[in-house]
Amino acid sequence: METAWIQVFVLTLTQCLAPAGKMVCQEETVEYYFSSEDDCARALVQMVVLAARADNILVDRQRSDCKPGVKQTQVF
């Protein structure tokens, strides 16, 4: 097996989640990988829209974005 590097687009989503009935939230950052920039941008918009509908989720728009990157993978 050999190692190859493939181009991906990394969606970084930083959000603050508050448990039901609480005023204090816990920040978390998650990353998702996409093969196209359009898919990444579309997913970011959808996640921000869904979070806006929830009472207990705040998305940090300054720290949430899509950026190009690479991912290491095994090839045969």
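Where is the place of Gln15? Gln15 sits in strand 1, and the close-ups below, taken from a predicted model, start from there.

**Close-up A. Gln15 and its surroundings in strand 1.** Gln15 has a relative accessible area of 13%, so this residue is buried, the cut-off being under 20%. Its side chain is joined to that of Glu28 by a polar contact of 2.8 Å. Setting aside residues up to four places away in sequence, Gln15 touches Gln26, Glu27 and Glu28, and also Ile57, Leu58, Val59 and Asp60.

**Close-up B. The largest nonpolar core.** Here you can pick out nine residues: Phe9, Leu11, Leu13, Cys40, Ala43, Leu44, Val48, Ala51 and Val59. Strand 1 (2-17) and helix 1 (37-53) are the elements that each give two or more residues to this core. Helix 1 makes the biggest contribution, with five residues.

**Close-up C. Val48, a member of the largest nonpolar core.** Once neighbours within four places in sequence are left out, Val48 is in contact with Val59 and Arg61. Val59 will be familiar from the two views above: this residue belongs to the core as well, and Gln15 touches it too.

**Close-up D. Lys71 over the face of Tyr33.** Have a look at the ring of Tyr33: Lys71 lies over its face, at 4.6 Å from the ring centre. As for pairs between aromatic rings, the count comes to zero.

Methods
Residues numbered from 1 in each chain as written. Predicted model: local features only at pLDDT ≥ 70, side-chain atom pairs only at ≥ 80, totals over all residues. Heavy atoms only, no water. Core = buried A, V, L, I, M, F, W, Y, C linked by side-chain atoms within 4.5 Å. Buried < 20%, exposed > 50% of the residue type's maximum accessible area, 1.4 Å probe, protein only. Helix = DSSP H or I, 4+ residues; strand = E, 2+ residues; numbered from the N terminus. Contact = heavy atoms within 4.5 Å. Polar contact = N/O pair within 3.5 Å; in protein donor to acceptor, adjacent residues only side chain to side chain. Phe/Tyr/Trp six-rings, centres within 6.5 Å; stacked < 30°, edge-to-face > 60°. Lys NZ or Arg CZ within 6 Å of the ring centre and 35° of its normal.
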